Amino acid sequence: MSATMANDSANNSANNGAMAKRAIISVRNLVKHFPIEAGFLRRQVGVVKAVDGVSFDLNERETLALVGESGCGKTTTSRCVIQALKPTAGQVLFQMDGAPAVDLTQLGKKELKAARRNIRMIYQDPYSSLNPRMNLLQIIGEPLVINRAVKGRSELQDRVAELLRMVRLDPSAMNRYPHAFSGGQRQRIAIARALALSPKVVIADEAVSALDVSVQAQILNLLKELQRELGLTYLFVAHNLAVVKYEADRVAVMYAGKIVEIAETEALYLQPMHPYTEALISAAPNPDPDTKNRPRITLSGDVADVGNLPSGCAFHPRCQYAQERCRQETPMLAQVGGADGPARFSACHFAEQLELVGIAARVEEARHG
Amino acid sequence: MSNTLQAGALPPTRTPTLSADTLLSVRNLQTHFFSREGAVKAVDGVSFDIKPGEILGIAGESGCGKSVTSQSIMRILPKNGKIVGGEILFNHANQTIDLATTEPEGRLMRAIRGKEIAMIFQEPMTAFSPVYTIGNQIIETIRIHQPVSKGEAREQAIEMLHRVGMPNPGRNIDQYTFNLSGGMRQRAMVALALSCRPKLLIADEPTTAVDVTIQAQILKLLREIQADLGMAIIMITHDLGVIAELTERVMIMYLGKEVEYGTVADLFHRPQHPYTRGLLASIPKMEPGRVAINPIEGSVPSPYAMPAGCKFHPRCPDFIAGVCERHDPPLTEIAPGHQVSCYLYGGWEVQP
């Protein structure tokens, strides 16, 4: 399964036919299980399948979004990519240009530290991710010092000043502490720290979720500008579908530890190929009162419990199209449609038969009654 | 209350009478917070009316005073918060009373809070105690406000849990909050708030902490319950999507001030205040094609360093030098039912 996928995405020349895409990170059959322990002896009584067989390619200079509701495994996946969590099984292949691919899950401490210079993270809450007792020079300079990337204090100051300018902050603020900055400015500081070692890949875990809308827009645009300027690759973990639509080139929708659909952003939103994607798009509130009375799909019940998954397709208890086969047989992520467009994948037995509704139909319906 | 005099906003008169077609009237409300660093004008002269059965949205970013406005109405402000001016008029037992001057812990306020005006919160655990069953807490609320027996109250509670879509009300009533999922807790909180059939429900960011599919369930529930029971709702949120989906009229706030007020159609299709326009241009939209977003410059200032004049002027793209940084624009009606506080729409020529 994963092999086909790798071949398909390698062969597919996507929107801009000229440039073939090269995967910088290839995740293969990633599994992360957490034990459920109970009783005095902490005996293992079950397992939480937080991530259960996830495969995707992160292509150079693209933004791939991992989207889904709480508990879907999007954050766990991103943590396993950077090896902040040790995966139970699977591979995370990392390939810099020219160099042979390395499997991050197999690396020793020292090699991992070197690889991590190229994969950095930005977190959701800039109030807890920055040490309040360090000034900006220490916060942003720390990765440079630890990795011995600069010689001497003046070189460090120059690099930090450059990084501050990069995130549109005044370099003279270098000696100030995080409390003097607003939420949006703190997130800029966190970005500057992530970029200190000139990484190739940045993993943004809900990086704009805690910000006010006007500031969120600034950070979204800043991330896009930095991507263009520095040739960055983003793995963008988020739950807000509108934000993902704006920021991502491709989207992977996750449900109960699995990718249920992965496609180019525009294609996914216009024509979803998995009932869960359709429901997510339908449920997202739209800031246009004209679409207020649109027909909506309201999913009943809650997100599937990854400690106690339903049989067959994990989504079947909430799926309005579910049939007997869905209760028994777990669908695999397989290529669907896409004869004319770029390859896309869906994990639904009936992906090809169902006529699901995306954003185009929704706007159309609302406008014409 | 001598504070009214001090604020200089309204002459000390007897409480005016509210007409029957107005449920609640907030007039020039001023709520300040006092701390060692100084006073913060969290709500600084806000006025609005709600008719019975109407859904009003209050939207704005953090620090705009939207939650403090609701806490002022409920009289559940933190200890260092005080209503220093204005009126909150509400009809209770055939008489108009001013909630702003009512004793927060007094008999009258306790008869209104939870019975006539109820509230739901972002975090259901704010409303529930973890050590009693949800039924226990709903029954208690019903029996405080209504002369019914325990059995009758229990029946009412089960009926309300059924109405908010709990899967098994007869069993759910004896469960604790930790037995319930996030979405179910949210429903139980709605049942608690509605248990005494309030005339007004204040919803303070009830969908912010839940997943999008649960959010859709809660919005649907609020729409159904509103149509069913006919109560008025004040929906407080930062999410303009939620405003567009649920409300009829909207008030946009910025740093304690009301910047624009109108119908949802006015606000989304004919926004006038530069802040409202900026907010709308800042949100990514789920529309086909690449839709650009244009953020508002800068960030919300610290409450201890509020700008003079119009609070929005340092971030405003249409700032009029010599006017906006000196004078505070009054709320002006620019079309029937559509009000804006901005000098772009006149009013500054007559300023001293």
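A residue counts as buried if 20 or more other C-beta atoms lie within 10 Å of its own. The exercises below use this cut-off on a predicted model.

**Exercise 1.** State what share of the residues of chain A count as buried, and judge the compactness of the chain from its radius of gyration.

*Solution.* Step 1: of the 369 residues of chain A, 47% meet the cut-off for burial. Step 2: chain A contains twelve helices and twelve strands. Step 3: its radius of gyration is 22 Å, close to the 21 Å that the globule rule gives for 369 residues, so chain A is as compact as a globular protein of that length. Step 4: the C-alpha trace of chain A spans about 65 × 55 × 50 Å along its principal axes.

**Exercise 2.** Find the buried residues of helix α4 (residues 136-146) of chain A and the helices they pack against.

*Solution.* Step 1: A:Leu136, A:Ile139, A:Ile140 and A:Gly141 are buried. Step 2: residues three or four places apart in an α-helix point the same way, because there are 3.6 residues a turn. Step 3: the buried residues of α4(A) pack against α5 (152-166) and α6 (183-195) of chain A. Step 4: after α4(A) comes A:Arg148, with a positive phi near 50 degrees.

**Exercise 3.** Work out the strand order of the open four-stranded sheet in chain B and identify its edges.

*Solution.* Step 1: the order is β2-β1-β4-β5 (chain B), with antiparallel pairing. Step 2: β2 (38-50) and β5 (95-98) of chain B each pair on one side only, which makes them the edge strands. Step 3: β4 (residues 81-92) and β5 of chain B pair over four bridges, and B:Phe90 stands opposite B:Ile97 in β5(B).

Methods: Residues are numbered from 1 along each chain as its sequence is written. Chains are lettered from A and ligands numbered from 1 in the order in which they are written. This is a predicted model: local features need pLDDT of at least 70, side-chain atom pairs count only at pLDDT 80 or more; totals for chains, interfaces and linings use all residues. A residue is buried if 20 or more other C-beta atoms lie within 10 Å of its own, exposed if 12 or fewer, and partly exposed in between; C-beta atoms are placed from the backbone. Helices (H or I, at least four residues) and strands (E, at least two) are DSSP runs, numbered from the N terminus. Two residues are in contact if their C-beta atoms, placed from the backbone, lie within 7 Å. The radius of gyration is taken over C-alpha atoms; the globule rule is 2.2 Å times the number of residues to the power 0.38. Two strands pair if DSSP finds at least two bridges between them.
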